[in-house]
Structures are given as structure tokens and as C-alpha cells.
Amino acid sequence: MQIPHFPEANHPLVKSLFHHSDQELLRLFQCYPDSGKFFTVIFCRYSPIVYTLIQHSARSPVQADYLFALTWRHIYYELGGLDLTNPETGKQDLTLQNWLINITAFCINEITLPPTEAIHYSLQATSPPLWCYVEQALDQLQPVLRLIVLMAQTFHWSETRIAAYLQAEGENISPGEVANFLQEGYRMLEDKLPADIRAIYLGENLTQS
């Protein structure tokens with residue numbers, strides 16, 4: 001299995017931050033939660049190491065890609081509260097690289113992967129940083145909107161099938177209303193993504209954001 005290449009590493013927003021140290025990137029990520037570029041730089045810097053560790057433990061390339069994405073999702077949520085300094089000595093006991101290796105080993109050992117045929121994740125279609133921020137944006141949608149978007153995107157259900165499911169659950173929603181909800185959901189989802197994430201992954205011009 002080859003280590004995948006991530007084109008976001010060549011984006012000007014990402015390249016402009018390459019000179020920062022790991023500690024600086026971690027601090028910037030924690031200080032500016034509305035920006036996605038700092039996490040993306042950490043991802044680009046360490047994805048080869050993480051993927052190398054994972055590819056030796058997965059049974060198939062599809063499982064490796066999915067475990068890789070799940071590991072970075074775990075890293076994303078842990079980074080927010082990470083402090084590499086020892087509270088007693090005030091010195092840094094652990095490097096970010098060592099911490100990432102430890103977290104990757106934890107995920108390899110603890111995450112139970114579904115069979116290959118049950119995995120619908122595509123690393124080529126959705127890079128882990130984009131996945132993390134889309135998931136975060138989804139959490140901010142109203143429950144019905146989120147459910148409709150997930151049924152359309154994850155299960156590829158038609159508007160008619162989604163309406164039938166919702167009606168069975170007691171929601172009086174027509175297929176036409178589902179279509180309107182979907183458009184609203186996609187618009188809100190994009191709006192809730194950090195502007196720099198939209199620039200890096202969706203090609204949006206930052207000056208328009």
C-alpha cells in the first residue's frame with residue numbers, strides 16, 4: 001500500500017504555515033478554533049507517519065484508509081485539550097510526534113473496524129481534516145435537517161424515501177419539502193465550515209468569505 005498524497009499540502013494557505021514549529025501550530029489550533037488551517041498543516045506534516053503505522057495493521061487498503069480517517073478524527077478532538085508540558089517541571093516531556101504515534105497505536109488497538117464491504121468512506125473523496133470540520137458543522141444543524149442530509153448523503157436515499165421514513169416517524173413532510181430542507185441543509189453546512197477550510201478544500205476565494 002502506498003502512502004497517499006494529499007493535494008491540500010500544496011495550497012498557499014497551508015504552505016504559508018509550514019515554517020511553524022509543532023508547538024506553535026498546536027497553540028494556534030487551540031487559540032483559533034474557528035480556523036481549520038492549523039489542524040490541516042499538522043495533518044499534512046504527520047499523515048505519512050500515521051499512515052505508515054496503520055497500513056501494517058489493516059487487512060485491506062479500504063480498512064487502512066478508514067482507520068486512518070478515524071484516527072485523525074480522534075486526534076482532532078484530543079488536540080483541543082492537549083498540553084505537552086509537564087505541570088511539575090514546566091518542561092515539554094513529550095513531542096507532538098511522539099504523542100501522535102501513541103494516539104495512533106491506541107486507535108489501532110482499540111478501534112474495531114467493520115468488514116471492508118460495509119465501509120463507505122473514500123479517502124480520495126474526503127480528506128480527514130475536511131471530514132472533521134464537516135462533522136463539526138453537521139452537529140450544529142437542527143436535528144431534522146441533519147437527519148435529512150445524512151440520509152441523502154450517507155444512504156443515498158431519494159427525497160420520496162426520506163419523506164416516507166419521516167412520515168412513519170410522525171413528521172408530516174412531503175418529498176418536495178425534503179428537497180427544500182436538503183438545499184437549506186447544504187447551504188447551512190457550507191456556511192458553518194471555517195472560511196479557510198472552504199478555501200482549501202472547496203476552492204472558495206477567501207476574499208469572498
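A residue counts as buried when its relative accessible area is under 20%, as exposed when that area is over 50%, and as partly exposed in between. Glu184, at 32% relative accessibility, is therefore partly exposed. Keep this scale in mind as we walk through the structure, which is a predicted model.

**Salt bridges**

Let us stay with Glu184 for a moment. Its partner in a salt bridge is Arg187, and the closest N and O atoms are 3.2 Å apart. Both residues sit in helix α9 (residues 175–192), three residues apart, so about one helical turn separates them. Arg187 is partly exposed too, with 48% relative accessibility.

How many salt bridges does the structure hold? There are four, and the table shows three of them, including the one just described.

| Salt bridge | N to O distance |
|---|---|
| Glu135 and Arg73 | 2.8 Å |
| Arg198 and Glu204 | 3.0 Å |
| Arg187 and Glu184 | 3.2 Å |

Glu135 and Arg73 form a salt bridge that links distant parts of the chain: Glu135 belongs to helix α6 and Arg73 to helix α4, 62 residues apart. Arg73 is partly exposed at 26%. Arg198, in contact with Glu204, counts as buried, with a relative accessibility of 10%.

**Aromatic pairs**

Aromatic rings offer another way to read the model, with a count of 18 aromatic pairs. One of them joins Phe39 and Trp72 in an edge-to-face arrangement, 6.0 Å from centre to centre and with 75 degrees between the planes. Because Phe39 lies in helix α3 (residues 37–55) and Trp72 in helix α4 (residues 61–79), this pair ties together parts that are 33 residues apart in sequence. Phe39 is buried, at 0% relative accessible area, and Trp72 is likewise buried at 0%.

A second example is the tilted pair of Tyr66 and Tyr121, with centres 6.2 Å apart and planes at 45 degrees. Here Tyr66 is in helix α4, while Tyr121 is in the loop between α5 (96–110) and α6 (128–138), 55 residues away. Tyr66 is partly exposed at 21%, whereas Tyr121 is buried at 13%.

Ring pairs also connect a cluster of residues, among them Phe39, Trp72, Phe43, Tyr77 and Tyr133.

**Cysteines**

Why does Cys31 form no disulfide? The closest cysteine sulfur, in Cys132, is 19 Å from that of Cys31, which is too far for a bond. Cys107 has its closest cysteine sulfur in Cys132 as well, at 11 Å, again too far for a bond. Cys31 is partly exposed at 46%, while Cys107 is buried at 1%. Across the whole structure, the search finds zero disulfides.

Key: Residues numbered from 1 in each chain as written. Predicted model: local features only at pLDDT ≥ 70, side-chain atom pairs only at ≥ 80, totals over all residues. Heavy atoms only, no water. Phe/Tyr/Trp six-rings, centres within 6.5 Å; stacked < 30°, edge-to-face > 60°. Helix = DSSP H or I, 4+ residues; strand = E, 2+ residues; numbered from the N terminus. Buried < 20%, exposed > 50% of the residue type's maximum accessible area, 1.4 Å probe, protein only. Disulfide = S-S within 2.5 Å. Salt bridge = Lys/Arg side-chain N within 4 Å of Asp/Glu carboxyl O.
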